[in-house]
Amino acid sequence: MIDPVTLATAAVAFLTPYLVEGGKEAAKTAAKDVYGWLKGRLTGRAAEALGDLEQAPASEDNRADLRKQLAKALEADPALAAELQAMLPAEALRGITVQTIDQSGSTGAKAAQIKGDRNVTRIG
C-alpha cells in the first residue's frame with residue numbers, strides 16, 4: 001500500500017482541477033465521487049481543511065492544509081487509506097515521486113531535493 005503522505009498528495013492533486021474548474025468530463029465524474037466520499041468520511045480538522053479547499057480551491061495554503069490533515073487521517077485509519085487508494089484512478093497515482101535522504105551520523109543536517117510536481121518531501 002502507498003504511504004499516507006503520498007496518497008494524500010495524490011488525492012489533493014486529483015481533486016484540485018475538479019474544484020477549480022470542473023475538470024474534463026471523465027475526470028470530473030471520478031473526482032466528484034472521490035470528493036463526495038471524502039466529504040462523507042472525513043471528520044474534525046480534515047473535514048474543515050476539505051471545506052476550506054472547496055471555498056478557495058486555487059489556494060496553495062488550502063491544498064497544503066488538506067494534504068497534511070488527510071495524511072494524518074490516513075495514518076490513523078489504514079482502512080480509510082485502503083479505500084481511498086482503491087477509489088483513485090491509477091493515473092492519479094502515477095508520477096508521484098517520494099525521495100528519501102538518509103543522513104545518519106550527521107548532527108542536525110537537513111536536506112531536500114525537489115524536481116517536477118506532485119512531490120512529497122519529509123524532513124526530520
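Select Val 34 to begin: this residue belongs to helix α2, which spans residues 25-41. The model is a predicted one. With a relative accessible area of 1%, Val 34 is buried, because anything under 20% is counted that way. Next, display the residues around Val 34 while leaving out its neighbours within four places in sequence; the contacts are Phe 14, Leu 15, Leu 84, Met 87 and Leu 88. A distance label between the C-alpha atoms of Val 34 and Ala 11 should read 8.2 Å, although 23 residues separate the two along the chain.

Remain in helix α2 and select Ala 31. Its relative accessible area is 1%, so Ala 31 is also buried. Where does Ala 31 make contact, once neighbours within four places in sequence are set aside? The partners are Phe 14, Leu 15 and Tyr 18. Of these, Leu 15 merits a distance label: its C-alpha atom is 5.6 Å from that of Ala 31, with their positions 16 residues apart in sequence. Phe 14 and Leu 15 have appeared before, as contacts of Val 34.

Move now to helix α1, residues 4-21, and select Thr 16. Is Thr 16 buried or exposed? Its relative accessibility is 11%, so Thr 16 counts as buried. Show the polar atoms of its side chain: one of them lies 2.7 Å from the backbone oxygen of Val 12. Apart from neighbours within four places in sequence, Thr 16 is in contact with Pro 57 and Arg 63.

Arg 63 leads to the next selection, helix α4, which covers residues 60-76. Within α4, pick Asp 61. Here the relative accessible area is 62%, and Asp 61 is therefore exposed. Its C-alpha atom is 9.9 Å from that of Ala 49, a residue twelve positions away in sequence.

Keep α4 on display and add helix α5. How do the axes of these two helices lie relative to each other? They come within 5 Å and cross at roughly 115°. To view the contact itself, select Leu 70, Ala 73, Leu 74, Glu 75 and Ala 76 on the α4 side, together with Pro 78, Leu 80, Ala 81 and Leu 84 on the α5 side. Colouring these residues by class gives eight nonpolar, no polar and one charged.

Then isolate helix α5, residues 78-87, and highlight Leu 80, Ala 81 and Leu 84, which are buried. Why do these three fall on the same side of α5? They cover an arc of only 100° around the axis, which places them there. The general background is that an α-helix has 3.6 residues a turn, so residues three or four places apart point the same way. Leu 84 also connects this stop with the opening one, since Leu 84 is among the contacts of Val 34.

Finally, restore the whole protein chain. Six helices and two strands are present, and from the N terminus the elements follow the order α-α-α-α-α-α-β-β. The chain has 124 residues, of which 34% count as buried. Its exposed area is about 7400 Å², with carbon and sulfur atoms supplying 50%. For a contact map, consider the contacts with a separation of 6 or more: residues 24 or more positions apart account for 55% of them.

Conventions
Residues are numbered from 1 along each chain as its sequence is written. This is a predicted model: local features need pLDDT of at least 70, side-chain atom pairs count only at pLDDT 80 or more; totals for chains, interfaces and linings use all residues. Side-chain values use heavy atoms; hydrogens and water are left out. Helices (H or I, at least four residues) and strands (E, at least two) are DSSP runs, numbered from the N terminus. Buried means under 20% relative accessible area, exposed over 50%, partly exposed in between (1.4 Å probe, protein chains only). Contact means heavy atoms within 4.5 Å. The arc is that of the directions from the helix axis to the C-beta atoms. Accessible areas come from the Shrake-Rupley method with a 1.4 Å probe; for residues, only the protein chains shown count as cover. Axes are lines fitted to C-alpha atoms, for helices over the stretch in contact, and angles run from 0 to 180 degrees between N-to-C directions. Ala, Val, Leu, Ile, Met, Phe, Trp, Tyr, Cys and Pro count as nonpolar, Asp, Glu, Lys and Arg as charged, and the others, Gly among them, as polar. A polar contact is a pair of N or O atoms within 3.5 Å; within protein, one must be able to donate a hydrogen and the other to accept it, and residues adjacent in sequence count only if both atoms are side-chain atoms.
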